[in-house]
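Me: Please take a close look at the cavities of this structure and at what surrounds them. Short sentences will do.

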Amino acid sequence: MYITRRKKNRTAFLYITLILLLIIVPFWLVILITCTSLMYKSAFWFIKKIRYEKIQKTIEGLFFVIFMFTIGIVFKTLVFDIYRVSSNSMQDTLHSDDIIIVNKLLYGPALPRGVFEISWVKPFFFSGNKSERDTNRKEASYRRLSGTCSLENGDVLVYQQAPGFFIVKRCVAIAGDTLKIDGGEIYVNRKHHLSSNTIKENYQLFVSNRKVFYKVMDSLGITTPFYNEQNQYNLLRGSLSKEKLNTLKNLKIFNDTKKVFDSYSIDKDLFAMPEGTYWTLDNMGPFIVPKKGMKIEINDWSFEVYGKTILDFEGEVIEKKEGGYYDSTGNKIAKYTFSQDFCFLMGDNRKASVDSRYFGFVPKSNIVGKVQCVLYSNK
């Protein structure tokens, strides 16, 4: 009687656990966990049938090692992974050489396009021509599993810029958003986007006493270098986060402060510089971030803003000729429809970040996951 009741309680517990998993995590993960558990139990059941004890224990140990290695690969590929921050573009939020944990489960993990994209498996495969493998990898497309939430403005994420090269940035606009940067401030769908206090900008500081200023900077652990501006002894220029700037303001160690804006230059090499506009790192737009199914009219302005994105990520060649714009088949086109979602990314260290302001829109399919936490800080 007691044993029967115990089995019923265990069965009920398993059902409740399964229901909770279905609510909290994606369906594919529940199936994966269930199948893995059944395979593990089935394998050990067969191993236990081996009569010779030494052989049984050897196979059991070998299977356990292989199984745990496989679980590690699956976990690293589909759930969480560890990355190193490669630059100071996210300072003061993240620092160069910080070790971060990235949650792939939130947006849904992208399945590898081959064994050469699985870091723990790649070292075991050396055959084949490298250029041939790279070509095949470029032709294949990522397939993304479902996640637990959607990409949102303000998320700090890791994305793949090139095979084996990953970068950390902050998402400031998602697919379908109308983005405008005005005076270094972000406006999404005509609403001011409240940025993090760790966002760094360049400032002019009118300091009354430089010795006191540097002494306070040292006491606060602020190592940002400041330089003389316009050969004036008490006019300094440097980069500070909003948080640190407010701290210094409260200490009243300088008379005045002024944000320094990026100046216009035709050689700035921004992702787009439409004719008749004077876009800079601090002033650009408005423009709509491409969304799957979004139609645009092909003209001089839209071709300048979206042309590189269409060529690099949509695989469509559009050329400007006399009389209009033509596709790869030679047909004249007036409109174009995007086939995937994109986002616009920026670094928190605004004047020291190579981001979407330079290389343009990033396809959602290239996003690896959201930065969950810092495992080791190099600060």
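Reply: Start with the contacts, where contact means heavy atoms within 4.5 Å. Among contacts between residues at least 6 apart in sequence, 64% join residues at least 24 apart. The model is predicted, so local features need pLDDT of at least 70, side-chain atom pairs count only at pLDDT 80 or more, and totals for chains, interfaces and linings use all residues. Residues are numbered from 1 along each chain as its sequence is written, and side-chain values use heavy atoms, with hydrogens and water left out.

The protein holds 8 helices and 22 strands. These are DSSP runs numbered from the N terminus: helices are H or I with at least four residues, strands are E with at least two. Of the 379 residues, 39% are buried. Buried means under 20% relative accessible area, exposed means over 50%, and partly exposed lies in between (1.4 Å probe, protein chains only).

Now the cavities. Rolling a probe the size of a water molecule over the atoms shows where empty space is left. Here a cavity is a set of points, on a 1 Å grid over the protein atoms alone, where a 1.4 Å probe fits but cannot get out. Lining residues have an atom within 4 Å of a point. Grid points are joined across faces, edges and corners, and the volume is the space filled by probe spheres set on the points. The count is 2 cavities of 30 Å³ or more.

The largest cavity has a volume of about 50 Å³. Its lining consists of Phe-271, Glu-304, Val-305, Lys-308, Thr-309, Asp-312, Phe-313, Phe-359 and Gly-360. Helix α7, residues 300–314, gives the most to this lining, with 6 residues. By class, the lining has 4 nonpolar, 2 polar and 3 charged residues. Nonpolar covers Ala, Val, Leu, Ile, Met, Phe, Trp, Tyr, Cys and Pro; charged covers Asp, Glu, Lys and Arg; the others, Gly among them, count as polar.

Two of those charged lining residues are Lys-308 and Asp-312. They form a salt bridge, with the closest N and O atoms 2.8 Å apart. A salt bridge is a side-chain nitrogen of Lys or Arg within 4 Å of a carboxyl oxygen of Asp or Glu. Lys-308 and Asp-312 are separated by about one helical turn, because they are 4 residues apart in helix α7. Lys-308 counts as partly exposed at 45% relative accessibility. Asp-312 is partly exposed too, with 42%.

Phe-313, also in the lining, leads to Asn-366. Not counting residues up to four places away in sequence, Asn-366 touches Arg-144, Tyr-159, Gln-160 and Phe-313. Asn-366 lies in the loop between β21 (362–363) and β22 (367–376). At 17% relative accessibility, Asn-366 counts as buried.

Strand β22 takes part in another charged pair. The side chains of Asp-155 and Lys-370 meet in a salt bridge at 3.6 Å, N to O. This pair links distant parts of the chain, 215 residues apart: Asp-155 sits in the loop between β4 (143–144) and β5 (156–162), Lys-370 in strand β22. Asp-155 is buried, at 8% relative accessible area. Lys-370 is partly exposed, at 28%.

The second largest cavity contains about 40 Å³ of space. Gly-184, Glu-185, Ser-195, Ile-199, Glu-201, Lys-242, Lys-259 and Arg-350 line this cavity. Its lining divides into 1 nonpolar, 2 polar and 5 charged residues.

Salt bridges total 16. Side chains of opposite charge can pair when their charged atoms come close. Lys-76 and Asp-81 are one such pair, with the closest N and O atoms 3.3 Å apart. Lys-76 is buried at 18% relative accessibility, and Asp-81 is buried at 7%. A network of salt bridges links Lys-76, Asp-81 and Lys-104.

Disulfides, meaning pairs of cysteine sulfur atoms within 2.5 Å, number 0. Cys-35 counts as partly exposed at 38% relative accessibility. Cys-373 counts as partly exposed at 35%.

One more pair across the sequence: Glu-117 and Pro-163 are 46 residues apart in sequence, yet 8.0 Å apart in space, C-alpha to C-alpha. Glu-117 lies in the loop between β3 (110–111) and α4 (130–139). At 24% relative accessible area, Glu-117 is partly exposed.

Key. On a 1 Å grid over the protein atoms alone, a cavity is a set of points where a 1.4 Å probe fits but cannot get out, and a pocket is an open set with protein on both sides within 12 Å along at least five of seven lines; lining residues have an atom within 4 Å of a point.
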